[in-house]
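Could you walk me through this model in the viewer, one selection at a time? I would like to know what to click on next and what to look for there.

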Amino acid sequence: HIIPPQDFHSASCNIYTHTHTYIIIEWQHTQAFTTMASTQFLCSSHHLYTSKTQTISFRNGGLTRHSPFSFSTKKPQFKTPQFVTIRASASKTGKKQVEIVYNPDERLNKIADEVDANAGLSRLTLFSPCKINVFLRITSKREDGFHDLASLFHVISLGDKIKFSLSPSKSTDRLSTNVPGVPLDDTNLIIKALNLYRKKTGSDKFFWIHLDKKVPTGAGLGGGSSNAATALWAANQFSGCIATEKELQKWSGEIGSDIPFFFSNGAAYCTGRGEVVQDLPAPIPSDIPMVLIKPPQACSTAEVYKRLQLDQTVSIDPLNLLEKISTSGISQDVCVNDLEIPAFEVLPSLKRLKQRVIAAGRGQYDAVFMSGSGSTIVGVGSPDPPQFVYDDEEYQDVFLSEASFITREPNQWYREPYATNAGTDSTADFAQSA
């Protein structure tokens, strides 16, 4: 779209063609050209500003106020940069025609990127993925009441979307979401994370946040922890990245044990309460599929740990588990979770679900295990749930989602991978109620 000729000061100056490659300006007399040159006009999302000495530049088929060629009120004089070619010709009607041809050049994008960077950030949408514990060993109980663990954490492709916008308010954040039951006050980890960031950096920025929730709560998937890490990352982007990733990771442990993990590359060996994070090269291929099955009942993490008896846990060294996964891949014997026994006491139906998935799978899964403190059962090796989940009335309200292992690039946040299945937009779109 371009502004119609009648909106120009001179009707004899028309723009005849505006495409991604060139723009043709035609004029009848020098006076008309002069009138056009003193007129300012706007071309929808592509901006072209002109005046007696105004400069113009080109980026991706659009025009912005930067490159050095100008119009003179006496005689058309052009200072042509390397990336613009200007050709003039006379038509049979006696009109003069100028063709300004866009010639791609890296300098243009560099200039435009500098302008964008100086403009400041006003809104940002980020993917907030969840995680699974490929194995989870509980090694001891600490004096502070917490437990020491050793676990292989890995980010997966199921996640939420969080939209951040700068708030005109200098005193409060506003959080909304698409699902009921999620707290919207400062008990939510997103708000806690933003408060923590302001405390640590002195930032005065507040936000409007919308959480598009896909990850179920009470699932042992770390959805809330991921949301908090994503909020810290976003707040830092709005403030010009004044904090390092290591600082964000260290601070995040003050509000949640699992949050520091999400500042890893997506695969990490975690110890302590979970806040001691050792980055790992991706130990599991990203093309290995999995299915997540979560019943509507949740497991209380506090209740699960309360029932935990360390003498009932397995004795295998977690480093041996890590080495075996790195060399031989995932198998049932390495995907151990010391919290399964107490979780199955809290929720006996969860134990029955795991047993039925293993039996009905008939070898289609490399491993079937519970993630975190429950109540999600993970089947690695196939994206398809067993048929009984669809057939039995007992499971009519379970949450189902296929997923895959993902990591993140340095200095970038996690990106939602797109499903390869025809007709689907993203892995998260598989989340459904059976």
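Start by selecting asparagine 411, in the loop that runs between strand S16 (399–404) and strand S17 (432–433). Look at its backbone: asparagine 411 has a positive phi of about 65°, although it is not a glycine. Most residues other than glycine have a negative phi. Is asparagine 411 buried or exposed? Its relative accessible area is 61%, above the 50% cut-off, so asparagine 411 counts as exposed.

Before going further, colour the chain by confidence, since this is a predicted model. The average pLDDT of the protein is 79, and 69% of the residues score at least 70. Now select residues 5–85, where the pLDDT is below 50. Beyond near neighbours in sequence, the stretch 5–85 has 176 contacts in the model. Then select residues 419–434, another stretch where pLDDT stays under 50. For residues 419–434 the model has 37 contacts beyond four places in sequence. Where pLDDT is low, the predicted coordinates should not be read in detail. Please keep that in mind for both selections.

Next, zoom out and switch to a cartoon view. You should find 10 helices and 17 strands in the protein. How much of the protein is buried? Buried residues make up 47% of the 434 residues. If you draw the contacts between residues at least 6 apart in sequence, 67% of them join residues at least 24 apart.

Now for the helices. Select helix H4 (residues 223–238) together with helix H5 (residues 245–252). Their axes come within 10 Å and cross at roughly 140°, and H4 and H5 are therefore oblique to each other. The crossing of H4 past H5 is right-handed. Which residues make the contact? Show side chains for Leu232, Trp233 and Asn236 on H4, and for Glu245, Leu248 and Ser252 on H5. By type, the residues of this contact divide into 3 nonpolar, 2 polar and 1 charged.

Stay here for a moment and select cysteine 241, which sits in the loop between H4 and H5. Cysteine 241 is another residue to check for its backbone: its phi is positive, at about 55°, although it is not a glycine. Its relative accessibility is 41%, so cysteine 241 counts as partly exposed.

Keep H5 on screen and add helix H3 (residues 189–201). The axes of H3 and H5 come within 11 Å and cross at roughly 120°, which makes H3 oblique to H5. H3 passes H5 in a right-handed crossing. On the H3 side, the contact is made by Leu196, Tyr197, Lys200 and Thr201; on the H5 side, by Leu248, Trp251 and Ser252. The residues of the contact of H3 with H5 divide into 4 nonpolar, 2 polar and 1 charged. With both contacts displayed, look again at Leu248 and Ser252 of H5: they take part in the contact with H4 and in the contact with H3.

For the last stop, select glycine 374 and serine 375. What kind of peptide bond joins glycine 374 and serine 375? The bond is cis, with an omega of about 15°. Most peptide bonds are trans. To place the site in the fold, show the neighbouring strands as well: serine 375 lies in the loop between strand S14 (367–370) and strand S15 (377–380).

How values were computed. Residues are numbered from 1 along each chain as its sequence is written. This is a predicted model: local features need pLDDT of at least 70, side-chain atom pairs count only at pLDDT 80 or more; totals for chains, interfaces and linings use all residues. Side-chain values use heavy atoms; hydrogens and water are left out. Axes are lines fitted to C-alpha atoms, for helices over the stretch in contact, and angles run from 0 to 180 degrees between N-to-C directions. Helices (H or I, at least four residues) and strands (E, at least two) are DSSP runs, numbered from the N terminus. Angles under 35 degrees count as roughly parallel, over 145 as roughly antiparallel, 65 to 115 as roughly perpendicular and the rest as oblique. A crossing is left-handed if the near helix is turned anticlockwise from the far one by less than a right angle, and right-handed if clockwise. Contact means heavy atoms within 4.5 Å. Ala, Val, Leu, Ile, Met, Phe, Trp, Tyr, Cys and Pro count as nonpolar, Asp, Glu, Lys and Arg as charged, and the others, Gly among them, as polar. Buried means under 20% relative accessible area, exposed over 50%, partly exposed in between (1.4 Å probe, protein chains only). pLDDT is the predictor's confidence in each residue, from 0 to 100.
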